[in-house]
Amino acid sequence: MSEGRRVRGGRALAAYAMITQPGQEVTPSDPHTGVAVIVTVPVRRGQPVEQAARRRAGRRAACLDDAPFEYLCWGAMSHVPSRVLVTGAAGRLGSAVLRVLAAQGAAVVGLDRVDPGGTEAFFTGSAGDVDLVARAMAGVDTVIHLAAIPRPTLGAPEEVFVNNVAATFVVLDQAARAGVRRAVIASSLSITGLPFSPHPAVPDYLPVDEAMPLQIADPYALSKQADEATAEMVARRDGMAVVALRFPMLGEPEFLAEEARIHRDDPGHGANAMWAYLDMRDAAMACWLGATAALSGVHPLYVAAPDTLSPYPTQDLVARCLPGVPVRAPLPGRSVPIDTAAARALLGFQAAHHFEITPAELP
Ligand SMILES: NC(=O)c1ccc[n+]([C@@H]2O[C@H](COP(=O)([O-])OP(=O)(O)OC[C@H]3O[C@@H](n4cnc5c(N)ncnc54)[C@H](O)[C@@H]3O)[C@@H](O)[C@H]2O)c1
């Protein structure tokens, strides 16, 4: 495996394997992806090329979707942000992300409708305002886009949908035009359609994973689906790498304590959201990992604490509240019925802050 050299806006850390037909010449540096080192792996016709490439490129290799069609490219790059635009910077998650970025020594530009103070470079106004966002993008090489109305109940349906999707389109489109190569966007577990469904709805199976079909029936979930589609567009059109973090309920410890009390009093509470949670500090760290991990292309990823916010055994909760839903993997103890393996594999993300709950028998 070869070492990469420093490249503009990032660093190629791992080897890069390019699958060619035997004898085919390849150019040893791709200005589009910034990958500096290429290893050629001749393959016989019919050989499973992905496996061969993966072996050569390393465990954390990701497929470079924009590779020319004659060959498959697997590579791994880490991204080193130098100036990060955070939208929704005045919000709950935005504030936590600003703290993580400060700790990591990254230069930050904030954007929100309100300026909470404390950030030197701050743009006040709408993330859907093209001129404002274009100005905020100056010198930025990484975007963490969090600005959104975070629940369908916080506005009229058209307001929630239009605000969220317009902001995401303008931010990612302007980022691409400014040459930004990496973005993280806040998606949601709500994209499943389950948490805010106006009708009773259950997951197709458990644990929920990224392959599970969506059952969208509210404007907030639809806005997150459109946001992820926008991410796909800029990845395909502009080669931007985008991580869409599908967050569950986020909270600081005091907020989680109150939610845990509600979960204890009502075992069915949270069934439509898999009883899941994530500490705000972990959510902010997931954003940082999404901004820096070695990857390319678009990655919608569920992230959650490994346990639930309910004191009761998960399999008992599922049997009572989600009867008949196929359970594909063991759900020991209070484990959350969400498969977060993809986020672990791609970002190295694992929640560090567990909310302590004393287990109890389901009453
Ligand atoms: N909090 C949760 O439990 C949760 C769960 C899943 C996903 N999310 C997502 O995470 C992100 C952050 O959520 P949060 O909890 O920090 O919400 P929040 O309401 O605390 O913060 C959102 C911020 O975005 C700003 N904003 C909204 N629309 C804007 C626009 N058009 N232009 C400029 N600023 C705008 C608001 O002023 C606010 O400061 C959102 O995208 C939300 O959908 C949150």
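The expected span of a helix is 1.5 Å times one less than its number of residues. Helix α5 (residues 219-238) has 20 residues, so it should span 28 Å. Its end C-alpha atoms lie 28 Å apart, in agreement with that value. The model examined here is predicted.

**Overall make-up**

The protein has 363 residues, of which 49% count as buried. Its secondary structure comprises nine helices and 16 strands. Take the contacts between residues at least 6 apart in sequence: 72% of them join residues at least 24 apart.

**Helix α5 and its surroundings**

Many residues of α5 are buried. They begin with the run Pro219, Tyr220, Ala221, Leu222, Ser223 and Lys224. Asp227, Glu228, Thr230, Ala231, Val234 and Ala235 complete the list. Charged side chains are thus named alongside nonpolar ones, Lys224, Asp227 and Glu228 being among the buried residues. What do the buried residues of α5 pack against? The partners are α4, β12, β13 (241-247) and β16 (298-302). After the helix comes Gly239, with a positive phi near 75°.

**The nonpolar core**

The largest nonpolar core holds 98 residues. Within this core, Val97 and Val242 touch the most other members. Helix α4 (residues 157-177) makes the largest contribution to the core, with nine residues. Leaving aside residues up to four places away in sequence, Val97 touches Val86, Ile144, Leu146, Ala284 and Cys287.

**Strands β8 and β9**

Strand β9 (residues 107-112) has six residues, and five are buried, so the rest of the structure largely encloses it. Strand β8 (residues 83-87) pairs with β9 in the parallel sense, over five bridges. Arg83 stands opposite Ala107 in β9.

**The ligand shell**

There are 24 residues around the ligand. Gly88, Gly91, Leu93, Ala148 and Ala186 come nearest. Which elements each supply at least two residues of this shell? They are α2 (92-104), α4 and β12 (182-188). Helix α2 gives the most, with three residues. The shell divides by residue class as follows.

| Class in the ligand shell | Number of residues |
|---|---|
| Nonpolar | 14 residues |
| Polar | seven residues |
| Charged | three residues |

**Shared elements**

Some elements recur. Helix α4 supplies nine residues to the core, packs against buried residues of α5, and gives at least two residues to the ligand shell. Strand β12 also packs against α5 and likewise supplies at least two shell residues.

Terms used
Residues are numbered from 1 along each chain as its sequence is written. This is a predicted model: local features need pLDDT of at least 70, side-chain atom pairs count only at pLDDT 80 or more; totals for chains, interfaces and linings use all residues. A nonpolar core is a set of buried Ala, Val, Leu, Ile, Met, Phe, Trp, Tyr and Cys residues joined through C-beta atoms within 7 Å. A residue is buried if 20 or more other C-beta atoms lie within 10 Å of its own, exposed if 12 or fewer, and partly exposed in between; C-beta atoms are placed from the backbone. Helices (H or I, at least four residues) and strands (E, at least two) are DSSP runs, numbered from the N terminus. Two residues are in contact if their C-beta atoms, placed from the backbone, lie within 7 Å. A residue is near a molecule or strand if its C-beta atom, placed from the backbone, lies within 6 Å of it. Two strands pair if DSSP finds at least two bridges between them.
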